[in-house]
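Me: I have a model open on my screen and would like to understand the labels that go with it. Could you walk me through the reasoning behind them?
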Amino acid sequence: MSTYKGIKGFSIKYLSADPPVANEGQVFYNSTDQKMKVFGLLPGGTAWATGDNLSVGQSNARAAGTVTSAVIFGGNTTADNPFGGSNDTQSYNGTAWSTEPDMPYYTAAHFGNGDINGLSSSIVCGGRDSTSEGLTSTASWNGTTWSSEASFPNAVRYGFCGGTGENIICSGGLAASPPTAFPNASSTYNGTSWSSAPALNTNRSNGFSNGTATSTLATGGCTPPYCGNTGVNETWNGTTWSPATAYPSNVGGLSEFAGGGMPTGIYVSETTRTDWNGTAWASGTAAPISKNSMFGFGTSSNATFGAGQIPGTPGVEITTESWITSAPSITALDITTT
């Protein structure tokens with residue numbers, strides 16, 4: 001009878017643990033597991049994965065960062081509903097969510113940056129609370145604490161935004177008075193002061209957006225008179241808004257766009273996922289749980305969506321789901337016989 005050594009020229013190693021260095025095709029016996037194994041190639045791929053639960057559920061929150069380093073802030077929680085918004089802040093390190101110092105003000109329907117370095121530097125402004133339908137508050141996050149910044153001149157909510165660190169573009173939205181007015185104002189913040197900026201080509205509110213200070217998407221929403229949904233899409237290049245390929249349907253912004261790696265990104269509403277490649281939209285793999293009012297952060301290849309609400313169900317969710325792209329890898333595989 002032929003032996004492995006006779007065929008291959010060497011014996012199978014008898015080891016108490018898998019070798020620390022993986023060499024594809026290497027065969028060995030793991031005495032602890034009592035199994036014959038071989039190092040084989042696992043192909044990479046993309047798939048949805050269940051993420052880590054939040055400390056507190058936050059719907060309509062703003063978020064920035066990557067699937068291993070992120071921050072979320074504001075929105076709505078069950079406990080904060082009497083205030084018309086939340087001042088909660090949570091950070092993520094890739095394995096768990098942690099409670100961070102509260103924002104200086106309560107807000108929902110607010111603006112915030114969405115770049116991949118948001119955990120170390122972010123900005124939030126505007127929105128609404130129980131006392132006003134249009135706030136002027138602005139605050140910055142340095143990775144540890146919040147600080148108040150120059151007042152937001154537009155005093156609007158439900159607008160479009162994207163940013164890098166403490167630099168942000170805020171456009172569109174609804175005014176404080178009357179609460180269904182569309183001022184179509186735009187402002188940029190440079191970390192110190194606000195400046196007027198070009199307005200959206202199509203006056204809107206209640207859409208979805210995210211991105212960086214020089215590459216941001218503003219999609220869907222409702223147009224005057226309040227409120228008819230649209231699929232209009234525009235991109236910001238750091239200087240001006242330009243028309244882009246429309247979203248496949250008329251849509252309100254029920255969730256946030258994960259576009260910290262703009263010019264590409266992912267949008268998820270309930271189970272429907274749509275991918276933006278910089279020039280066009282395409283249907284993607286459906287999300288595993290039907291939710292809306294979610295936050296989103298990350299890039300088109302690795303993104304996380306979380307919290308929000310299950311349609312028709314009261315309360316705010318604490319669950320998160322991540323779209324993960326994995327690279328090919330060599331790993332120890334059991335050898336079985338049949």
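Me: Why is Ala 109 called buried or exposed, whichever of the two applies?

Reply: Happy to help, and please keep in mind that this is a predicted model. The relative accessible area of Ala 109 is 10%. Buried means under 20%, so Ala 109 counts as buried.

Me: What is the phi of Ala 109, and where does the residue lie?

Reply: Its phi is near 55 degrees, a positive value in a residue other than glycine. Ala 109 sits in the loop between β8 (97–100) and β9 (111–112).

Me: Why is Asn 60 described as partly exposed?

Reply: Its relative accessible area is 31%. Buried needs a value under 20% and exposed one over 50%, so Asn 60, at 31%, is partly exposed. Asn 60 belongs to the loop between β4 (45–50) and β5 (62–66), and this non-glycine residue has a positive phi of about 55 degrees.

Me: How do you know whether Arg 204 is buried or exposed?

Reply: Arg 204 has 0% relative accessibility. The limit for buried is under 20%, so Arg 204 is buried. You will find Arg 204 in the loop between β18 (194–196) and β19 (208–211).

Me: What makes the pairing of the Arg 204 and Glu 234 side chains a polar contact?

Reply: The distance given for the two side chains is 3.1 Å. A polar contact takes a pair of N or O atoms within 3.5 Å, one able to donate a hydrogen and the other to accept it, so this pair qualifies. A polar atom of the Arg 204 side chain also lies 3.2 Å from the backbone oxygen of Val 232.

Me: Which residues does Arg 204 touch, leaving out those up to four places away in sequence?

Reply: Among them are Phe 160, Phe 182, Cys 222, Val 232 and Glu 234.

Me: Where are the cis peptide bonds around Pro 225 and Cys 227, and what is omega for each?

Reply: One joins Pro 224 and Pro 225, with omega about -10 degrees. Another joins Tyr 226 and Cys 227, where omega is about 5 degrees. Pro 225 is in the loop between β21 (222–223) and β22 (228–229), and Cys 227 is also placed in the loop between β21 and β22.

Me: How many cavities of 30 Å³ or more are there, and what lines the largest cavity?

Reply: The count is one. The largest cavity has a volume of about 30 Å³, and its lining includes Trp 48, Phe 305 and Glu 321. By class, that lining has seven nonpolar, no polar and two charged residues.

Definitions and conventions
Residues numbered from 1 in each chain as written. Predicted model: local features only at pLDDT ≥ 70, side-chain atom pairs only at ≥ 80, totals over all residues. Heavy atoms only, no water. 1 Å grid on protein atoms, 1.4 Å probe; cavity = no way out; pocket = protein on both sides within 12 Å on 5 of 7 lines; lining within 4 Å. Points joined across faces, edges and corners; volume = space filled by probe spheres on them. Nonpolar A, V, L, I, M, F, W, Y, C, P; charged D, E, K, R; others polar. Helix = DSSP H or I, 4+ residues; strand = E, 2+ residues; numbered from the N terminus. Buried < 20%, exposed > 50% of the residue type's maximum accessible area, 1.4 Å probe, protein only. Contact = heavy atoms within 4.5 Å.
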